[in-house]
Amino acid sequence: MRKLTYTIEATENECRESLTLMGKTVTKVWKRTDTGMRCDTPDFCEQLENAGIDDEDLLYEISENLDDSFLGTDLSDLLR
């Protein structure tokens, strides 16, 4: 059985998204700047590939549904 856990921790100045899949945990950190939110961390898919996960269909869905989502930054904006 595969299990995926996705969490968001948001403050008014930072958003931390974590994804755990197949025993691997990867994190993206967004920080507020003068012009909005900025993430210098690689996308989940890139981090998961570097961790040895090579299921292309699964990585595609993570890219489409999590990497391309702004839910975490939207939540951070709510706290301002």
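**Note on the predicted model**

1. Met-22 sits in the loop that links strand S2 (14-21) to strand S3 (24-33). The model is a predicted one, and in it this residue has a positive phi of about 50 degrees, although Met-22 is not a glycine. Its relative accessibility is 40%, so Met-22 counts as partly exposed, since that class lies between the limit of under 20% for buried and over 50% for exposed.

2. Turning to the fold as a whole, the secondary structure of the protein consists of four strands and three helices, and reading along the sequence gives the pattern β-β-β-β-α-α-α.

3. On overall dimensions, a compact globule of 80 residues would have a radius of gyration near 12 Å, and the protein has 13 Å, which agrees with that expectation. Taken along the principal axes, the box that the C-alpha atoms fill comes to roughly 40 × 20 × 20 Å.

4. How much of the protein is buried, and what does its exposed area consist of? Buried residues account for 30% of the 80 residues, while the protein exposes about 5,300 Å², of which carbon and sulfur atoms supply 46%.

5. As for contacts within the chain, if one takes those between residues at least 6 apart in sequence, 38% of them join residues that are at least 24 apart.

6. Finally, on charge, the protein carries 19 negative and 9 positive side chains, and the centres of these two sets are 7 Å apart.

Key
Residues are numbered from 1 along each chain as its sequence is written. This is a predicted model: local features need pLDDT of at least 70, side-chain atom pairs count only at pLDDT 80 or more; totals for chains, interfaces and linings use all residues. Side-chain values use heavy atoms; hydrogens and water are left out. Helices (H or I, at least four residues) and strands (E, at least two) are DSSP runs, numbered from the N terminus. The radius of gyration is taken over C-alpha atoms; the globule rule is 2.2 Å times the number of residues to the power 0.38. Buried means under 20% relative accessible area, exposed over 50%, partly exposed in between (1.4 Å probe, protein chains only). Contact means heavy atoms within 4.5 Å. Accessible areas come from the Shrake-Rupley method with a 1.4 Å probe; for residues, only the protein chains shown count as cover. Lys and Arg count as positive and Asp and Glu as negative; His and the chain ends are not counted. The place of a charge is taken as NZ of Lys, CZ of Arg, CG of Asp or CD of Glu.
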